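Here is a short report on one protein chain. Look at the sequence and the 3D view, then read on.

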Amino acid sequence: MTRLMLAAGAVVLLLILVAAAAALIGAFLPRGHVVSRSLTVQAPPDVVYRAVRDVGASPAWRTGLARVELLGEVEGRPRFREVEKHGSVTYEVLADEPGRGFVTQILDRDLGYSGSWEWVIVPETSGSRLTITEHGEVTNVLFRFMSRFVFGHAKTIDDYLAALDAYLQGRSH
């Protein structure tokens, strides 16, 4: 029994040391980051715009998104809440240019991260190119470490673009 207790204590101590090291490294990483990713699709800009701007319909094609609650407008700016199994995030649309793109910003201040996404859609010879740029800030030092070294700052954009690509390929244009 004593050996088992010593082994358990060693595991707990190791976990504490790993978490402390991750927090220390995270504290020295920059809070802010900017990352962009692009996707070229065989769909005209208006089709791409409608797909990404209709946030209320996005749970039909975005993996892991349970629902979107449309919250109305505040001072002419639409707000919505995305609900996933691990929680929710509230957004506001800061700018909107039909057929060309839009900008959203996270409103919640207690997530450990915040920022904005800018969607820019440009015509291409065979369709459209969508570029999403994230201006992010990660305030939680452990999450900052994880975001930088474990899953990467661009993971959410990459997942979003993969789901959008699959959705647009399945639609008739």
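## A residue in a helix

R53 lies in helix α2. Helices here are DSSP runs of H or I with at least four residues, strands are DSSP runs of E with at least two, and both are numbered from the N terminus. This is a predicted model, in which local features need pLDDT of at least 70 and side-chain atom pairs count only at pLDDT 80 or more, while totals for chains, interfaces and linings use all residues. Residues are numbered from 1 along each chain as its sequence is written, and side-chain values use heavy atoms, with hydrogens and water left out.

Is R53 buried or exposed? R53 has 17% relative accessibility, so it counts as buried. Buried means under 20% relative accessible area, exposed means over 50%, and partly exposed lies in between (1.4 Å probe, protein chains only). Leaving aside neighbours within four places in sequence, R53 is in contact with P78, V93, D96 and F102. Contact means heavy atoms within 4.5 Å.

## Helix α2 and its cover

R53 has buried company in its helix: P45, V47, V48, Y49, A51 and V52 are among the buried residues of α2. In total, 7 of the 9 residues of α2 are buried, and the helix is mostly covered.

What does α2 lie across? It lies across β1, β3, β4, β5 (101-106), β6 (113-124) and β7 (127-138). It runs at about 160° to β6. Angles run from 0 to 180 degrees between N-to-C directions, and axes are lines fitted to C-alpha atoms, for helices over the stretch in contact. Helix α4 packs on the sheet too, touching β1, β6 and β7. Its direction makes about 15° with that of β1.

## Two helices cross

The axes of α2 (residues 45-53) and α4 (residues 155-170) come within 11 Å. They cross at roughly 125°. The two helices are therefore oblique to each other. On this scale, angles under 35 degrees are roughly parallel, over 145 roughly antiparallel, 65 to 115 roughly perpendicular, and the rest oblique. The crossing of α2 and α4 is right-handed: the near helix is turned clockwise from the far one by less than a right angle, whereas anticlockwise would be left-handed.

Which residues meet? V47, V48, A51 and V52 come from α2, and Y160, L164, Y167 and L168 come from α4. By class, this contact has 8 nonpolar, no polar and no charged residues. Ala, Val, Leu, Ile, Met, Phe, Trp, Tyr, Cys and Pro count as nonpolar; Asp, Glu, Lys and Arg count as charged; the others, Gly among them, count as polar.

## The sheet

Now the strands. An open sheet of 7 strands has the order β1-β7-β6-β5-β4-β3-β2. The pairing is antiparallel. Two strands pair if DSSP finds at least two bridges between them. β1 (32-41) and β2 (65-74) stand at the edges with a single partner strand each, so one side of each has no neighbour in the sheet. The twist averages 20° from one strand to the next.

Start from the β1 edge. β1 and β7 pair over 10 bridges, and L39 has L130 in β7 as its bridge partner. Next, 12 bridges join β6 to β7. There, H135 in β7 is the bridge partner of S116. β6 and β7 form a hairpin with 2 residues between them. In β7, 9 of the 12 residues are buried, so this strand is largely enclosed by the rest of the structure.

## F102 and strand β5

F102, a contact of R53, sits in strand β5. F102 is buried, with a relative accessible area of 2%. Its strand is mostly covered, with 5 of 6 residues buried. Not counting residues up to four places away in sequence, F102 touches several residues, including Y49, V52 and R53. W117 is another of its contacts. F102 and W117 are 15 residues apart in sequence and 8.4 Å apart in space, C-alpha to C-alpha.

β5 has partners on both sides. Its link to β4 has 6 bridges, and A95 stands opposite V103. Its link to β6 has 5 bridges, and V103 stands opposite E118. Each link includes a turn. The β4 and β5 hairpin has 3 residues between the strands, and G99 takes a positive phi near 85°. The β5 and β6 hairpin has 6 residues between the strands, and G112 in the turn has a positive phi of about 90°.
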